[in-house]
Amino acid sequence: MTYEVWAPHARELVEVEVDGVRHPLTAGAGGWWRGEAPAGQDYAFRLDSGPPLPDPRSARQPHGPDGASRLVDHAAFRWSETGWSGRALPGSVVYELHVGTFTPAGTFEGAIERLDHLVELGVDFVELLPVCPFPGRHGWGYDGVSLWAVHEPYGGPDGLKRFVDAAHRKGLGVILDVVHNHLGPAGNYLPQFGPYFTDRHHTPWGSAVNLDAPGSDEVRAYLIGSALAWLRDYRIDGLRLDAVHALADDRAVHVLEELSRSVASLAAATGRPLFLIGESDLNNPRHTDPVQAGGYGLTAQWSDDFHHALHAAVTGEAQGYYADFGADPTAALARTLTRGWFHDGTWSSFRGRHHGRPFPPVPAHRLLGYAQTHDQVGNRAIGDRLTLEQLALTAPLVLTSPFTPMLFMGEEWGASTPWQYFTDHTDPGLAEAVRQGRRREFAAYGWTAEEVPDPQAPATVLASTLDWTEPRSGRHAELLAWYRTLIRLRREHPELTDGDLGAVRVDAGPSEVTVHRGRFRITVNFADKPTELPPGRPVAHWGVLTARELGARSCAVMTD
């Protein structure tokens, strides 16, 4: 078979080593090396007689990020005849989960066993946190390497395909979180092959991925090829792109625009509605503007402003980036629910400057709305979630919003388990650096070293794993029923999926909000005392409800 690799940094010799036997490759144009060798089992590349290195485009790393690569015949997988033709993102509810802590098994197979729970909940898409290989067994996935491969402890390539196949059989779409803005600190061999990174720009992770310096044509092709492989070979329906604001690219055609065009072409070829969701803190509508209008063509983007307003209203927190929202949380909620963003050119005290630009008059389905995410939980010092009672109040605002709602695994029953930061670095020096860095980060906020969970400790992963006995009883079961009711209402009544911000009206009091959605009124009382109930017939409620009053820390959905 033919082996090929882009290795412009190789000076004289590139060899492919197949099952321990070396075979020289021939230098070609543009830094590519190609040659024939047996298919074999495992293979690696040697540059100028150096150590064996995994293939940058490896589809499987059976021995981890540092080991040899293995060929994968994607055509050999037997997909079910599910009749799945995909579904569009607008009008859907997304459920974010981490394979390693969604179930005690921490595998794709374990997650498959819980898909019926998601079907009964009523969500439409499952969004997987990154699944590319990373050191050890446990990790968030944002330090992944080998961007074309699947973490072996989760189940490898076939495990991911079985998960996608099973989800489609049950009518669930699958979104995959991918990271193009950096690679992890361990197992990243790309710099030995070519100019995958550049000092022309710098990011929080160091040198930027090379998107606009010499050699960037091939780097962009590498990233876009990886993205298309997930959508094509694994039949995934959409990608969530991590921190797109960190994709430093000064070229006339931004890499996101190039990716959007490529995905649109693949969607046309496959007949499936493939899509891209960006994570960005820029509050810039250009990310979701059509490419024909000078935008990047993403289908949607995350909206932290809505999260921050919700969080400030339900918790009272007003430190750090919650400051602008905590000054008047209900007014902040009203602003985000009617204008899309809170910061749309306004002053941001956290940033010390004006931030964002107005959200355009387009459907607000382009924004994902949520009360919790892996970031907003896991990046807290102890990974603490909102409480069950707090989630009961935020749920109706998320699930009847004009945005695309997203839930974080376990919130639908008020999971008592935290979701903490954890790693499994095999390099002792790196492990200690991560441990100490985490402690220093939160020392500035008054946390002692003993209070911050050790990322490397197995107990941290165990504590972060969902307890599936909880949703079957008590207040957890009651909250789960509340979420199911709200999702059912959203599905049954078009007013509650309408993305027209101009049709949303919000009455904001000192500690309560009433959101008008067509003939529905959603009232949430965050206060510790009752509030007057708007007129109408209650459709569903949480907490104390009388004919005239909504109790303290209660909420209701009313209709004419």
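## The nonpolar core

Let's start inside this predicted model. Its largest nonpolar core takes in 146 residues, and Leu128, Leu160, Trp230, Ile236 and Leu239 are the ones that touch the most other members. Helix α6, which runs over residues 216-233, gives this core nine residues, the largest share.

Want to see one of these spots up close? Take Leu160: leaving aside residues up to four places away in sequence, its contacts are Phe108, Leu128, Val131, Val150, Trp230, Tyr234 and Ile236. There's also another core, lying apart from the big one, with eleven residues that include Leu89, Phe125, Ile277 and Leu368. As a rule, nonpolar side chains in soluble globular proteins tend to be buried together.

## The overall fold

Zooming out, the protein chain has 15 helices and 26 strands. Its radius of gyration is 24 Å, close to the 24 Å the globule rule gives for 560 residues, so the chain is as compact as a globular protein of that length. Along the principal axes, the C-alpha trace spans about 80 × 50 × 50 Å.

How much of the chain's contact list links residues 24 or more positions apart? Among contacts with a separation of 6 or more, such pairs account for 68%.

## Surface and charge

Of the 560 residues in the protein chain, 59% are buried. The accessible surface adds up to about 21,400 Å², and carbon and sulfur atoms hold 51% of that.

As for charge, the protein chain carries 50 positive and 69 negative charges, and the mean positions of the two sets sit 4 Å apart.

Note on methods
Residues numbered from 1 in each chain as written. Predicted model: local features only at pLDDT ≥ 70, side-chain atom pairs only at ≥ 80, totals over all residues. Heavy atoms only, no water. Helix = DSSP H or I, 4+ residues; strand = E, 2+ residues; numbered from the N terminus. Rg over C-alpha atoms; globule rule 2.2 N^0.38 Å. Buried < 20%, exposed > 50% of the residue type's maximum accessible area, 1.4 Å probe, protein only. Contact = heavy atoms within 4.5 Å. Areas by Shrake-Rupley, 256 points an atom, 1.4 Å probe, with all protein chains shown as cover. Lys, Arg positive; Asp, Glu negative; His and termini not counted. Charge placed at Lys NZ, Arg CZ, Asp CG, Glu CD. Core = buried A, V, L, I, M, F, W, Y, C linked by side-chain atoms within 4.5 Å.
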